[in-house]
Amino acid sequence: MRLVELGAEDVLAKRRAELEVLWQAVWPKTTDQLYAILPRHARRKGFLFLALEEEADLVGFAYGYVGGEGEAWHRRIAAAMTEEQRARWLQPGELEFVELGVHPACRRRGLGTWLNDELLARAGRPTAVLATEVQNEPAKALYGARGWKVIVPEIVIGRPYTVMGWERGVASPQ
Ligand SMILES: CC(C)(COP(=O)(O)OP(=O)(O)OC[C@H]1O[C@@H](n2cnc3c(N)ncnc32)[C@H](O)[C@@H]1OP(=O)(O)O)[C@@H](O)C(=O)NCCC(=O)NCCS
């Protein structure tokens, strides 16, 4: 198993077909994000995309970028926070932790945890923020075990999401 960093050109062109196969295995019916949203995210400041390769296959990935007030998602989660929460979690240089996915055949082997920890470590940002579906117990268990805290228990962005935050030095990955 190898953990590699993929650049914008890799995810949008060179390795797009492989990523598509993995993405569809992780989220069978939701490829909008892959086709419409990833190209926008790949051009953002601090874009960092990690992938796990097992022999010739991609079996997991995690990515994020540096958040900013100009973005719709950032504005929405900011609006759901108190002023104190915004000052703590959305400080300049905050990482928007966008996605984490592991191929169903490779789960419960610590790969999601590895990707989470490496993305946070390599991004080197003071805080990170994510939104996961309220009912996504596997993801919430993983994040909780790696030091993420619930900031907003429920916010509806199409579907109900929980917003979580991570702070460097407070509960850094082992
Ligand atoms: C969430 C996900 C990334 C976890 O990947 P993984 O490689 O299985 O995670 P790990 O093996 O590192 O699991 C770490 C811990 O998370 C928790 N966890 C993971 N899967 C779980 C499940 N199905 N049910 C309950 N807890 C679970 C456990 O506490 C686990 O520790 P344990 O195995 O020692 O009990 C994976 O299930 C996935 O790709 N899901 C679909 C995509 C998704 O929901 N991504 C999150 C979007 S925000």
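This passage walks through the sheet, the core, the ligand shell and a few individual residues of a predicted model.

The natural place to begin is the sheet. Seven strands build an open sheet, and their order across it is 1-2-3-4-5-7-6. The pairing in this sheet is mixed. In general, strands of a sheet pair through backbone hydrogen bonds, either parallel or antiparallel. At the edges stand strand 1 (2-6) and strand 6 (149-157), each of which pairs on one side only. On average, and with direction ignored, neighbouring strands of the sheet are turned by 25° against each other.

Several of the pairings can be followed strand by strand. Strand 2 and strand 3 run antiparallel and are joined by seven bridges. Within this pair, Ala51 stands opposite Phe61 of strand 3. The two strands also form a hairpin, with two residues between them. On to the next pair: strand 3 and strand 4 run antiparallel too, and seven bridges join them. Here Gly64 has Phe97 in strand 4 as its bridge partner. Towards the other edge, six bridges connect strand 6 with strand 7 in the antiparallel sense, and the bridge partner of Val156 is Pro160 in strand 7.

Strand 3 deserves a second look. Eight of its 10 residues are buried, so strand 3 is largely enclosed by the rest of the structure. A helix also meets this part of the sheet: helix 6 lies across strand 1, strand 2, strand 3, strand 4, strand 5 and strand 7. Relative to strand 3, helix 6 runs at about 35°.

The sheet and its helices come together in the core. The largest nonpolar core has 40 residues, and those with the most contacts inside it are Phe49, Leu50, Phe61, Leu115, Leu119 and Val129. Two or more core residues come from each of helix 2 (16-26), strand 2 (48-54), strand 3 (57-66), strand 4 (95-102), helix 6 (111-123), strand 5 (127-133) and strand 7 (159-167). Leu115 offers a good example to trace in the structure. Apart from residues up to four places away in sequence, Leu115 touches Leu50, Leu52, Gly60, Phe61, Ala62 and Leu100. Two of these partners, Leu50 and Phe61, are themselves listed with Leu115 among the core residues with the most contacts.

Next comes the surrounding of the ligand. Which residues are closest to the ligand? They are Arg107, Gly112, Thr113, Pro138 and Leu142, from a shell of 21 residues in total. Strand 4, helix 6, strand 5 and helix 7 (137-145) each give two or more residues to this shell. The largest share, six residues, belongs to helix 7. By character, the shell divides into 10 nonpolar, six polar and five charged residues.

Two residues stand out for their backbone angles. For orientation, most residues other than glycine have a negative phi. Glu55 is not a glycine, yet its phi is positive, at about 50°. Glu55 sits in the loop between strand 2 and strand 3, in the turn of the hairpin described above. With 7 other C-beta atoms within 10 Å, Glu55 is exposed. Arg108 is also a residue other than glycine with a positive phi, in this case near 60°. The loop that holds Arg108 lies between strand 4 and helix 6. Is Arg108 buried or exposed? Arg108 is exposed, because 8 other C-beta atoms lie within 10 Å and a count of 12 or fewer marks a residue as exposed.

Finally, two further residues show contrasting surroundings. Ile151, in edge strand 6, is buried, with 22 other C-beta atoms within 10 Å. Neighbours within four places in sequence aside, Ile151 is in contact with Met81, Gln85, Trp89, Val163, Met164 and Gly165. Ile151 and Ala79 are 72 residues apart in sequence, while their C-alpha atoms are 12 Å apart in space. Arg16, in helix 2, is partly exposed, with 15 other C-beta atoms within 10 Å. Between the C-alpha atoms of Arg16 and Arg43 the separation is 15 Å, and the two residues are 27 residues apart along the chain.

Technical notes
Residues are numbered from 1 along each chain as its sequence is written. This is a predicted model: local features need pLDDT of at least 70, side-chain atom pairs count only at pLDDT 80 or more; totals for chains, interfaces and linings use all residues. A nonpolar core is a set of buried Ala, Val, Leu, Ile, Met, Phe, Trp, Tyr and Cys residues joined through C-beta atoms within 7 Å. A residue is buried if 20 or more other C-beta atoms lie within 10 Å of its own, exposed if 12 or fewer, and partly exposed in between; C-beta atoms are placed from the backbone. Helices (H or I, at least four residues) and strands (E, at least two) are DSSP runs, numbered from the N terminus. Two residues are in contact if their C-beta atoms, placed from the backbone, lie within 7 Å. A residue is near a molecule or strand if its C-beta atom, placed from the backbone, lies within 6 Å of it. Ala, Val, Leu, Ile, Met, Phe, Trp, Tyr, Cys and Pro count as nonpolar, Asp, Glu, Lys and Arg as charged, and the others, Gly among them, as polar. Two strands pair if DSSP finds at least two bridges between them. Axes are lines fitted to C-alpha atoms, for helices over the stretch in contact, and angles run from 0 to 180 degrees between N-to-C directions.
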